[in-house]
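User: I've got this model open and would like to talk through its salt bridges, strands and surface patches. Could you take my questions one at a time?

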Amino acid sequence: MNGMRTSDVNLDDTFNKVVARHDELRDALAAGLADSGEFARLSKEYADLTPIAEAIGELKKAKAEAIDLAQMIADPDGDPEMKAMAEEEFRDLSKRIPDFERRVQVSLLPKDEADEKNAILEVRAGTGGDEAGLFAAELFEMYRRYAGLRGWRFEAMDVSETAVGGYKEATANITGRNVFARLKFESGVHRVQRVPATEAQGRIHTSAATVAVLPEAEEVDIHIDDKDLRIDVFRSSGPGGQSVNTTDSAVRITHLPTGLVVIQQDEKSQHKNKAKALKVLRARLYDRERAEKDAVRAADRKNQVGSGDRSERIRTYNFPQGRVTDHRINLTLYKIDKMMSGEALDEFVDALVSEDEAARLAEMG
C-alpha cells in the first residue's frame, strides 16, 4: 500500500463518495418521505448511480481477492498445490482489474446532457452533382435501416428529391433510447468513391454528402419568442417544380436573431408543417448553443473525436474496393454492403465512443 499514487487515493475517495450517496438515496427512497417531484428526482439519481456503485463493488471485491491471493502466495508455509492455484487466480485477476477500473472511470466521466435525447438527422448532397444526391439518399436509407435494427422510430420529416431520384436534402426525426449518444459522431462530410451509373467510361468519381445530427430540443431547453419569428406560407413543390398539392400548406420559418431558415412542406396540413419546422429550428438553435459552449472548451476538444465541424471529412465509402474508412480513428472495414444496410455501423460507432472515452480519461489523468 505504501506505493499508492495520489491519483489512486483520490479515485478511492471518489468511489467511496459514490457508494455512500447511493446508499443514502436507497435509504431515503425506502423511507418514502419524499413528495412525488422529489421522489422522481431521487429515483433517477439512484438509477443513474446503481450501475456505477455495482461496478465499484465488483472492483473492490476483485482487489480484496487479489490481496488475499498475494498473501497465500507469499506464505512460506503454504501448501505448494494451493499456492500454484492461487498464482493462477492472481494472474487472471491482475488482467481483469484494469478492465474493472476503466469501466468505473468511464462511468464517472461527465455525461453529455444531450446523450439521452432523440435526434434530428439532416443529410445534404455536397459536391458531385447527381451522384452526390444519389449518395445522400443512400446515406439517409442507411440511417433508416440502422434505426430499425436498434428498434428506434425513424420519421422522415422533409425530403427534397433530385430529378434522378437522389436527395438534395432530407431531414428525419429519430426517437428511441440513447439515439443522440449513438449518432452524434456521424456529423461531418461523408465521401463516396465509385463509378456512377451515368458514367460510360467506367471512371471512378468522388462526391460527397454532409450529415448533421442534432439533439432534439424540448421547449425547456430552448425558448423561442414569437416576435423573433417570421413565418411565410407557400404552395408545396416536388422534384422538378411540379406542385404537390393545391393549398398553401408549406411553411418557411425564419429566426430573425440568427438568420436560421427552416422549410417544411411534406405534410398537407400547414399546422403540421409549422410544428415540424419549429422542432427542427429548436434543434438547430440548441445545437448552436452547445457549439458555442464547446468553443469555450476548444483546447480540450482538440483531443476529442469529431469536433462537430460539419466541414470535416470524417469517412470515405470506396465501392470498387468494398471498404469504408473512418479517418478520425483510422479504422477501415471491408464491409461496404453491410455498412449501407446499417448492420456494420455499430462497429464504427463503438470504436468512436471508445476513442472519445479514452481521450476524455487522458484529460482527467
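User: Which residue forms a salt bridge with arginine 194?

Analyst: Quick housekeeping: this is a predicted model, so local features need pLDDT of at least 70 and side-chain atom pairs count only at pLDDT 80 or more, while totals for chains, interfaces and linings use all residues. Residues are numbered from 1 along each chain as its sequence is written, and side-chain values use heavy atoms, with hydrogens and water left out. A salt bridge here is a side-chain nitrogen of Lys or Arg within 4 Å of a carboxyl oxygen of Asp or Glu. For arginine 194, the closest N and O atoms are 2.7 Å apart, and the partner is glutamate 138.

User: How many residues apart in sequence are the parts that this pair ties together?

Analyst: Helices (H or I, at least four residues) and strands (E, at least two) are DSSP runs, numbered from the N terminus. Arginine 194 sits in strand β4 (residues 188-194) and glutamate 138 in helix α4 (residues 129-149), so the pair ties together parts whose separation in sequence is 56 residues.

User: Is arginine 194 buried or exposed?

Analyst: The cut-offs are these: buried is under 20% relative accessible area, exposed is over 50%, and partly exposed is in between (1.4 Å probe, protein chains only). Its partner glutamate 138 comes out at 28%, so that one is partly exposed. Arginine 194 has 11% relative accessibility, so it counts as buried.

User: Which residue meets aspartate 232 in a salt bridge?

Analyst: The N to O distance for this one is 3.8 Å, and the side chain on the other end belongs to arginine 252. The pair links distant parts of the chain, 20 residues apart, with aspartate 232 in strand β6 (residues 229-234) and arginine 252 in strand β7 (residues 250-255). Aspartate 232 is partly exposed because its relative accessibility is 24%. At 29%, the other partly exposed partner is arginine 252.

User: Which residue forms a salt bridge with arginine 315, and is the pair buried or exposed?

Analyst: The closest N and O atoms are 3.2 Å apart, and the partner is aspartate 326. Arginine 315 lies in strand β9 (residues 313-318) and aspartate 326 in strand β10 (residues 323-326), so parts 11 residues apart in sequence are tied together. As for cover, arginine 315 and aspartate 326 are both buried.

User: How many salt bridges does the count come to?

Analyst: Side chains of opposite charge can pair when their charged atoms come close. Some of the salt bridges share partners, and these join Glu122, Arg124, Glu169 and Arg284 into one network. By the 4 Å rule, the count comes to 24.

User: Which residue is the bridge partner of glutamate 155 in β3?

Analyst: Two strands pair if DSSP finds at least two bridges between them. Strand β2 (residues 153-161) and strand β3 (residues 167-175) run antiparallel and are joined by eight bridges. They form a hairpin with five residues between them, and glycine 165 in the turn has a positive phi of about 95 degrees. Opposite glutamate 155, the partner in β3 is asparagine 173.

User: Where is asparagine 178 found?

Analyst: Asparagine 178 has a phi near 55 degrees, which is positive in a residue other than glycine. Its relative accessible area is 28%, so it is partly exposed. Its place is the loop between β3 and α5 (179-183).

User: Is asparagine 330 buried or exposed?

Analyst: Phi of asparagine 330 is also a positive value in a residue other than glycine, near 50 degrees. The residue is found in the loop between β10 and β11 (331-333). With a relative accessible area of 68%, asparagine 330 is exposed.

User: Which residues make the nonpolar surface patch?

Analyst: Patches are made of residues with over 30% relative accessible area and no salt bridge; like charges are joined within 9 Å, and nonpolar side chains (Val, Leu, Ile, Met, Phe, Trp, Tyr) within 5 Å. Areas come from the Shrake-Rupley method with a 1.4 Å probe, and for residues only the protein chains shown count as cover. Methionine 85 lies in helix α3 and is partly exposed, with a relative accessible area of 45%. The patch covers about 280 Å² and is made by Met72, Met82 and Met85.
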